[in-house]
Amino acid sequence: MGPSLTIWDRPVFELKEILSGKYGEDSKLIYDLADQGGELCSLRYDLTVPFARWLAMNPSVQNIKRYHIAKVYRRDQPAMTKGRMREFYQCDFDIAGNYDIMLPDAEILRITSEVFEGLGWEGRYTVKINHRKILDGIFEICGVPQDKIRSISSAVDKLDKLPWAEVRREMTEEKSLDPSVADKIGEFVIQKGSRDLLTAMQSNPTLTSNPSAQKGLADMELLFTYLEAFNILDKVSFDLSLARGLDYYTGVIFEVITEGSAPPSTSTESSTPAPPRKSKKKPLDPDDDRSSDPSVGVGSVAAGGRYDELVGMFSGKANIPCVGISFGVDRIFSITKARMEAADSAVRSNEVDVYVMAFGGKGFTGLLKERMEVARLLWDSGIKAEFAYRVKPKLPAQFKAAEAGGVPFAVILGEDEQAAGKVRVKELGLPEGHPEKDGVLVGLTDLVADVRRRLERKEKGDPVEGVAETVGGLSVKGKETS
């Protein structure tokens, strides 16, 4: 689909006018600042608008695939342990260019699925999709005034964290929408499904008679066909409650959710009006951390959509159609960490594969130079290794440092072993009575090959038992298996 750009960065701040009018009601979350000359600037709210501005400034680039990992800034109320922060990382992937409809969109969703499958989230995430033109058509059919469509869309977008009764109240009391119109909208936005929902909507003459809805439904028909070809249709939920509050979306929209994304009490199907909220408590400070607040969820872990008119807002010339997705890196990390902790899986604090140690008796020198040489040997072979920054470290302290970092293997140097040109390779964490509990003697010339084999076996989850190998002339055998 054209050239790809993998090294990418843009300024952390933009002129305020660049960001204005792009984010709907979320514009209030933009951090504003002024430079020494008084020029109004803002910290970037996302990576999408800066990318569109760059495309407008570089008209020679008519098609591109790019990814960008960087910090963005939002003056939202934080919930640190749930990955909701004011300064956080996003990873964006976008495709820009004039292509036949729904093909880039399908590839974006395929890539999204690959990311979460690669993270080991199989069966534990859902990609919600909808279409802005379908939503706009629904709002027109239900009688929403044209000047209220975007604000009502922002209200619907809150259904992932508020029950329908609360969203309806916002529509009618805060945004002065006729209650009967809100009720009609409610009949649509509670619906979700897949091809079954699309088929039902295509057989609704009221919807198909609306030009906007008709165009959106045709797009979705194509998209479902392509997602089926990419074998990811089962990962997708066609969800009419998904609205995405940002103003620049023009077509397909999507977001990825998992357990913990929404607060426990949220239900989009509740139609019973909630009682007015009364509280004598002091209002929350907007700077307070709401990590322990049960009404706050992690939120979506990735989201995006098609934005065909954003580049044209900056260039004043021809548009470059674009579609992309943003991954919430901090949210993904917080959920992955919580899952590992719940499963009692060790959360490693570093990527070190081998800790190089030394021990000895009376007159022990620390074997510092020898430890450094073994570490260098491992480094030169691309193996991540570390050693204690002590001339004469104590052996228990070395084991403690390795275990604290979750290092899987130790290479232990001793004076007698050194004299024989050998070291001892030990897998850390083996149970008492294990045949390799005390490690295995390995010749220095075979150390790299031995460590690599052990790392590969560890990565595959193969146990030490049942493995028979010869290293440096020494046969190592575990229990025989059938």
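Here is a walk through the model, one selection at a time.

**Start with the whole chain**

Keep in mind that you are looking at a predicted model. Show everything as cartoon first: there are 16 helices and 19 strands to find your way around. Of the 482 residues, 48% are buried. Take the contacts between residues at least 6 apart in sequence, and 71% of them join residues at least 24 apart.

Now colour by pLDDT. The mean for the protein is 84, with 83% of residues reaching 70 or more. Select 267–281 next: pLDDT is below 50 over this stretch, though the model still gives it 18 contacts beyond near neighbours in sequence. Do likewise for 465–482, where pLDDT is also below 50 and the corresponding count is 29 contacts. Where pLDDT is low, don't read the predicted coordinates in detail.

**Select the annotated binding site**

An unreviewed UniProt entry carries a "binding site" annotation covering Asp-46, Leu-47, Thr-48, Arg-74, Gln-90, Asp-94, Arg-244, Tyr-248 and Tyr-249. Show those as sticks, then go to the two tyrosines.

Tyr-248 sits in the loop between strand 9 (236–239) and strand 10 (252–257). Is Tyr-248 buried or exposed? Buried, because its relative accessible area is 3%, and the cut-off for buried is under 20%. Turn on its surroundings and, leaving out residues up to four places away in sequence, you'll find it touching Lys-22, Tyr-23, Asp-46, Thr-48, Val-49, Arg-306, Tyr-307 and Leu-310. Two of those names, Asp-46 and Thr-48, are also in the UniProt annotation. Draw a distance from the side chain of Tyr-248 to the side chain of Asp-46: that's a polar contact at 2.7 Å.

Step along to Tyr-249, in the loop between strand 9 and strand 10. Tyr-249 counts as buried too, at 7% relative accessibility. Beyond its neighbours within four places in sequence, Tyr-249 is in contact with Arg-132, Arg-244, Gly-304, Gly-305 and Arg-306. Arg-306 is worth a label, since it turns up among the contacts of both Tyr-248 and Tyr-249.

**Over to helix 4**

Pick Asp-136, which lies in helix 4 (residues 132–142). Asp-136 is at 16% relative accessibility, so it counts as buried. Setting aside neighbours within four places in sequence, its contacts are Ile-149, Arg-150 and Ser-212.

**A stop in strand 4**

Select Leu-43, in strand 4 (residues 40–43). Which residues does Leu-43 touch, not counting those up to four places away in sequence? They are Val-12, Phe-13, Leu-19, Ile-30, Tyr-31, Leu-33 and Tyr-73. Try a C-alpha to C-alpha distance to Val-12: 6.0 Å in space, for a pair 31 residues apart in sequence.

**Finish at the five-stranded sheet**

Show strands 13 to 17 together. These 5 strands form an open sheet with mixed pairing, in the order 14-13-15-16-17. At the edges are strand 14 (385–387) and strand 17 (440–443), each pairing on one side only. Look along the sheet for its twist: neighbouring strands are turned by 35° against each other on average, ignoring direction.

Zoom in on strand 16 (residues 422–427), which pairs with strand 17 in the antiparallel sense over 4 bridges. To see one bridge, label Val-423 and its partner in strand 17, Val-442.

Last, add helix 14 (residues 395–404). Helix 14 lies across strand 13 (354–359), strand 15 (409–414) and strand 16, and runs at about 175° to strand 13.

Note on methods:
Residues numbered from 1 in each chain as written. Predicted model: local features only at pLDDT ≥ 70, side-chain atom pairs only at ≥ 80, totals over all residues. Heavy atoms only, no water. Helix = DSSP H or I, 4+ residues; strand = E, 2+ residues; numbered from the N terminus. Buried < 20%, exposed > 50% of the residue type's maximum accessible area, 1.4 Å probe, protein only. Contact = heavy atoms within 4.5 Å. UniProt positions renumbered as here; feature names shortened; annotations may be inferred. Polar contact = N/O pair within 3.5 Å; in protein donor to acceptor, adjacent residues only side chain to side chain. Pairing = 2+ DSSP bridges. Axes fitted to C-alpha atoms, helices over the stretch in contact; angles between N-to-C directions. pLDDT = per-residue confidence, 0-100.
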